[in-house]
Amino acid sequence: MTARIDEIVCPVPAGPAQVLLAHGGGGRLMWRLIEELIVPALGDDPHRRSLHDGAVVTVEGARLAFTTDSYVVRPLIFPGGDIAQLAVNGTVNDLAMCGARPLALSAGLIVEEGLPLDLLRQLMESLGRAASAAGVRIVTGDTKVVDRGKGDGLFINTAGVGVVVAPHPVEPRAVRRGDAVLLSGDIGRHGIAIMASREGLAFETTIESDCAPLAAPVLELLAAGVEVHCLRDLTRGGLGAALVEIARTAGRRIAVEESAIPVRPDVHAACELLGLDPLYVANEGRFVAFVAPGDAERALSLLRGHPRGVGAARIGEVGGEGGDVVMIGPLGTARAVDLPSGEQLPRIC
Amino acid sequence: MKFVDEFRDGAAARRYARAIAAVTTRPWTMMEVCGGQTHAILRFGLDAFLPRGVTLIHGPGCPVCVTPLELIDKALVLAARPGVAFCSFGDMLRVPGSAGDLQAVKAAGGDVRIVYSPLDAVRIAGEHPDREVVFFAVGFETTAPAVAAAVMQAAAGGLRNFSLLVAHVLVPPAMEAILSSPRSRVQGFLAAGHVCTVMGYAAYEPIARAYRVPIVVTGFEPLDLLQGILMCIRQLEGGRAEVENQYARSVRREGNLSAQRLMTEVFEVIPRAWRGIGEIPKSGLALRPPYAHFDAEQRFGLTVPGAPEPAECISGLILQGVHAPPECGVFGTRCTPDHPLGAPMVSSEGACAAYYRFRGPHLEEGRA
């Protein structure tokens, strides 16, 4: 059989036909999965269009924030935290990022056959402690056990509801030109802590996860009347992915100053060694706040006065139309900040 | 961070820019050999510090990029084989073979593991005597000594389930191949500092003489690169073609002799095909006969059909410095890090990936 010359096409690789681990990495692949496969299948709904950390729904006049998240992490206990603390703090933080006071959580456990009961008990006690530390109650739950080999010891899903206390919508679309970008502390600790404990990488010091509940500092900003336009906790994909997502949704250019972004020397060293960019390394206890420029300094000093925001810094500002992020480097030159493709992978040499 | 921030100082960079402008009287084109240098140049926007007419072109120093398609296809076949645990540096997982990549093999059930050191693969082999553990030995002279050490450790431990898919390549023969090409625009080289840390730089002296090109062994931080460029332009302007060492805090002329001894013990030099460039004499490493039983290609009798490169991908010309990524017609459109047509778009040392990552898909210029 011969092909006609105009039928010959260049071989362009199609997208992957199956889910890759990289689809869960918080980068472009994950966003395409959400925007092209998941959201369209669910039909159009204005709550989903903003794709924020949680949804705000009005129920008989009350504005409630509602969110859910699933937690998979290996090892289950790592320097600075464990899967139970992640499961509480992650959902509490998603609620806080909607400008809400977290009220109650659910906890769904998927336990792998063979998990030592002592370990499960230890993690459930941690779950309870984390909830009381974050000021929420775990009011309902579920337990399933799966065959050995079908789970990674323990998966936890939590959902949460909170009551919105922010007077205006706190979401990417509310970001305005001139807004100050505040970061609540140093970045990259959680990702490096997990990688180090998972891969047995020994650094000179033990780097601990930054895992922490963030509702208290957020509520403090709101209670003080700071004009907060958008909040986002930094998780997978790190600060870089959070800024890019917000810039895109807001349709604005965000400019940040690399030297203003706090990175601890040990985290910086580990990143240099592994060829990772701290900008994209995961966090579990940090957030960015977009606030009106006139409130920026007050917000910064409020944050710095809080134990969860001691290392807060003003890292940049929102510019005009754009939908992208630029970073001014230490030499004064600008570079683009894009979403990572999938997971960050260590380099060869 | 100590010993890093000092080399990223803006005021010092501007002093170098003034010094470079002061010595430059004509246009010059230099090639930085290593992909790590390319990424630093794009990340820190170093071209903004160079006078008009001074051009940096990007060299072949991305080990992932130059690994031939055939070897990647062999890796995909091996990784998909039941009973094999295929260990690789993370960088290799997204590199497209002719049918998919290692990431996809993993998703389809292949036992693909990311390791940080070849010694991790030896450890895995020791812990899993029931599995054939294959390490994808990719890299330049920088990673070869650690791989050699792993082979010697496996030999000493009597491991029978450990083998290597060897893709090691050597830098100086590639520099010579580029200079021999009639299309070469290279007037001076910034040689790869890490390669020279291991190998020293005596091997570059005959190249500098034969081709009349200055070669400056250069580091990876912004000030290293600017100083290397200054040293190279001084030679060009003065009509000199010598080997100079900018990266003296790491590199000695003779290199790291114990690392070289390990390499020589385990490996021998062979001709090797470079993806996008073709076969280069004396440019690759293979296991010496006493270690040949660790060769995965022999152990598994691997043959794969030859496959053509995607027609639109000009990575061969990019790797030789004939074209820069922005000159490629499919950059940022049909070729992106999510759907790469060639390896330079995915590797953390690839030139296309550097432009995409730091200039964006639309290649915006530095906006300092």
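The exercises below, each with a worked solution, concern a predicted model.

**Exercise 1. Describe the contact between chain A and chain B from the side of chain B.**

Solution. Begin with the two sides of the contact, to which chain B brings 47 residues and chain A brings 37 residues. Next, look for the elements of chain B that each supply at least two residues to the side touching chain A, and these turn out to be α1 (10–23), α3 (63–66), α5 (102–107), β5 (132–139) and α15 (351–359). On this side of chain B, α5(B) gives the most, with 4 residues. Finally, sort the residues of this side by character, which yields 23 nonpolar, 12 polar and 12 charged.

**Exercise 2. Decide whether the residues of α15(B) are buried or exposed, and find what covers the buried ones.**

Solution. A residue counts as buried if 20 or more other C-beta atoms lie within 10 Å of its own. By this criterion B:Ala351, B:Cys352, B:Ala353, B:Ala354, B:Tyr355, B:Tyr356, B:Arg357, B:Phe358 and B:Arg359 are buried. Because this accounts for 9 of the 9 residues of α15(B), the helix is largely enclosed by the rest of the structure. The cover over these buried residues includes β14 (334–337) of chain A, and from chain B it includes α2 (35–43), β2 (54–61) and α14 (315–319). Following the chain just past α15(B), one arrives at B:Gly360, which takes a positive phi of about 85°.

**Exercise 3. Characterise the packing of α6 (residues 118–127) of chain B and α7 (residues 144–156) of chain B.**

Solution. First take the geometry: the two helices pack at an angle of about 20°, and their axes are 8 Å apart. Because angles under 35 degrees count as roughly parallel, α6(B) is roughly parallel to α7(B). As to handedness, α6(B) passes α7(B) in a right-handed crossing. The residues that make the contact are then B:Pro118, B:Leu119, B:Ala121, B:Val122 and B:Ala125 from α6(B), met by B:Ala146, B:Val147, B:Ala150, B:Gln153 and B:Ala154 from α7(B). Sorted by character, the residues of this contact comprise 9 nonpolar, 1 polar and no charged.

**Exercise 4. Set out how domain 1 and domain 2 of chain A meet.**

Solution. Start from the domain assignment, which places domain 1 of chain A at 52–164 and domain 2 at 172–337. The C-alpha centres of these two domains lie 23 Å apart, and 25 residues of domain 1 are in contact with 26 residues of domain 2. On the side of domain 1 that touches domain 2, the elements giving two or more residues are α3 (83–96), β5 (100–112) and α4 (117–134) of chain A, and the largest share, 9 residues, comes from α3(A). The residues on that side of domain 1 divide into 12 nonpolar, 9 polar and 4 charged.

**Exercise 5. Locate A:Gly319 and B:Tyr211, and classify the exposure of each.**

Solution. A:Gly319 lies in strand β12 (residues 313–321) of chain A, and with 16 C-beta neighbours inside 10 Å this residue counts as partly exposed. Leaving aside residues up to four places away in sequence, A:Gly319 touches A:Arg177, A:Arg252, A:Arg253 and A:Ala255. A:Ala247 is 72 residues apart from A:Gly319 along the chain, and their C-alpha atoms are separated by 9.8 Å.

Turning to chain B, B:Tyr211 is found in helix α10 (residues 205–211). B:Tyr211 has 18 other C-beta atoms within 10 Å and is therefore partly exposed. From B:Tyr211 to B:Gln187 the C-alpha to C-alpha separation is 9.3 Å, with the two residues 24 apart in sequence.

Definitions and conventions: Residues numbered from 1 in each chain as written. Chains lettered and ligands numbered in written order. Predicted model: local features only at pLDDT ≥ 70, side-chain atom pairs only at ≥ 80, totals over all residues. Contact = placed C-beta atoms within 7 Å. Nonpolar A, V, L, I, M, F, W, Y, C, P; charged D, E, K, R; others polar. Axes fitted to C-alpha atoms, helices over the stretch in contact; angles between N-to-C directions. Parallel < 35°, antiparallel > 145°, perpendicular 65-115°, else oblique. Left-handed = near helix turned anticlockwise from the far one by under 90°. Buried ≥ 20, exposed ≤ 12 C-beta atoms within 10 Å, placed from the backbone. Domains from an automatic or database assignment.
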